[in-house]
Amino acid sequence: MLTSPRPSAGPPPPKVVVLGSFVHAHWWSVARLPGAGESCLAHAVHSELGGKGLNVAIGIHRLGVAVALVVGVGRDAAAQALGDLLAREGLGQQHVYPVAADSGRGAGLVDAAGENSIAVFPGANMDIGAPEIAQAAQAIGRASLVYGQLEMAAAAVLAAFTVARAQGVRTVLNASPAAGVSPALLAVTDVLVVNAVEAAQLMALAQDGPCGGAPAFMARWPGHALVVTMGAMGSEVFVRGQPPYRQAAMPAREGGDSAGAGDGFAAGLCAALAQGLGWPQAMQLASQCGAAVASGKGVLDHLPRGSVGHMLRPAV
């Protein structure tokens, strides 16, 4: 008896939706930073694809957690390069939207001491809006967690978080840059992730002042958990109704670059939370991933690969 073949199951629904940003960055190494009106010769040049949201999406995906990336791109060669990267990584491109002529671009000079001067053109990152969020609404509603950051239009993050909240989906906001945070966005954020500088800025926004501290901020904010990263001092999470939990910093190899460590941290945190793990395990994995990125130059080459369970398994 002949039977009809079963239809293909297709890819699994995403556990995490990342509201992404994409920047094609170019770096020039110089002996010293030039002054106003001064020209200089560079002795090396480096180019990489990046952006806070892109890094986090790839990081989560490499940890074995299904991801949908929502990102705006231009109609240019940089967008094609991003498509090639996502294809190599095995990440879907259903929600990569060509919304402008130009993709995000970045240019930086780095001197021998590691000091830098950077300019960023956000390009298509700021042109994602309500129509694109509406197209991604089904993926958002089926996810376990939605991650947002503020290198894209804050209005788009707010729209996506509002959809997520209506569907009972957890929202995680990396409030960077903190100047883009509004009371309305904070009101639909469940987990807020900031570094020490951004935390101080948010305390001021809450009229507590930097010395008001996390407890005073939590008293005014309706969210569930505040995560503060402090570099070599580790990180701390303040969960409503629980005592604070401090995570020691994981050691990073010397000679690395900590610039993308926060993206690694966010990827590990979101992957663990999406898998239903508790805060101690989530903070441990986040710290591991952040240290891995800080151990090398660049971000994408150093985002770890391996399942969440494997990463958390004790060394023998």
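Which residues does Arg32 touch, not counting residues up to four places away in sequence? The answer is Glu38, Cys40 and Asp111. Before I go further, please note that this is a predicted model. Arg32 itself is found in the loop between strand E2 and strand E3, the latter covering residues 44-50. I also looked at how far Arg32 is from a residue well along the chain. Thr162 is 130 residues away in sequence, and the C-alpha atoms of Arg32 and Thr162 are separated by 46 Å.

Now the chain as a whole. There are eleven helices and 13 strands. The C-alpha trace spans about 75 × 50 × 50 Å along its principal axes. For 316 residues, a compact globule would have a radius of gyration near 20 Å, and the chain has 20 Å, so the two agree. Of those 316 residues, 49% are buried. If we take contacts between residues at least 6 apart in sequence, 67% of them join residues at least 24 apart. The accessible surface comes to about 14900 Å², and carbon and sulfur atoms account for 57% of that. On charges, the chain has 18 positive and 19 negative ones, and their mean positions lie 11 Å apart.

Back to strand E2, which runs over residues 23-29 and contains His24. Is His24 buried or exposed? The cut-off for buried is under 20% relative accessible area. His24 has 16% relative accessibility and therefore counts as buried. Leaving aside neighbours within four places in sequence, the contacts of His24 are Ser47, Glu48, Leu49, Ala78, Gly104, Arg105 and Gly106. Strand E3 covers 44-50, which places Ser47, Glu48 and Leu49 from that contact list in E3.

Next, helix H1, residues 52-62. How many of its eleven residues are buried? Ten are, and the helix is mostly covered. The buried ones include Lys52 at the start and Arg62 at the end, along with Leu54, Asn55, Val56, Ile58 and Ile60. Two glycines, Gly53 and Gly59, are also among the buried residues of H1, as is Ala57. Just after H1 comes Gly64, with a positive phi of about 85°.

Further along is the loop between strand E9, residues 170-174, and helix H6, residues 183-187; Val181 lies in this loop. Val181 has a relative accessible area of 10%, so this residue is buried. Pro177 has its place in the loop between E9 and H6 as well. Which form does the peptide bond from Ser176 to Pro177 take, cis or trans? That bond is cis, with omega near 0°. As with Arg32, I have a long-range separation for this loop. Val181 and Met311 are 130 residues apart along the chain, and 32 Å separates their C-alpha atoms.

Last, the aromatic rings. The structure holds one aromatic pair. The pair is formed by Phe217 and Trp221, with 5.6 Å centre to centre and 25° between the planes, and is stacked. Phe217 and Trp221 are both buried.

To recap the local points: Arg32 touches Glu38, Cys40 and Asp111, ten of the eleven residues of H1 are buried, the bond from Ser176 to Pro177 is cis, and Phe217 and Trp221 are stacked. That is what I have.

How values were computed
Residues are numbered from 1 along each chain as its sequence is written. This is a predicted model: local features need pLDDT of at least 70, side-chain atom pairs count only at pLDDT 80 or more; totals for chains, interfaces and linings use all residues. Side-chain values use heavy atoms; hydrogens and water are left out. Rings of Phe, Tyr and Trp (its six-membered ring) pair if their centres lie within 6.5 Å; planes under 30 degrees apart count as stacked, over 60 as edge-to-face and the rest as tilted. Buried means under 20% relative accessible area, exposed over 50%, partly exposed in between (1.4 Å probe, protein chains only). Helices (H or I, at least four residues) and strands (E, at least two) are DSSP runs, numbered from the N terminus. The radius of gyration is taken over C-alpha atoms; the globule rule is 2.2 Å times the number of residues to the power 0.38. Contact means heavy atoms within 4.5 Å. Accessible areas come from the Shrake-Rupley method with a 1.4 Å probe; for residues, only the protein chains shown count as cover. Lys and Arg count as positive and Asp and Glu as negative; His and the chain ends are not counted. The place of a charge is taken as NZ of Lys, CZ of Arg, CG of Asp or CD of Glu.
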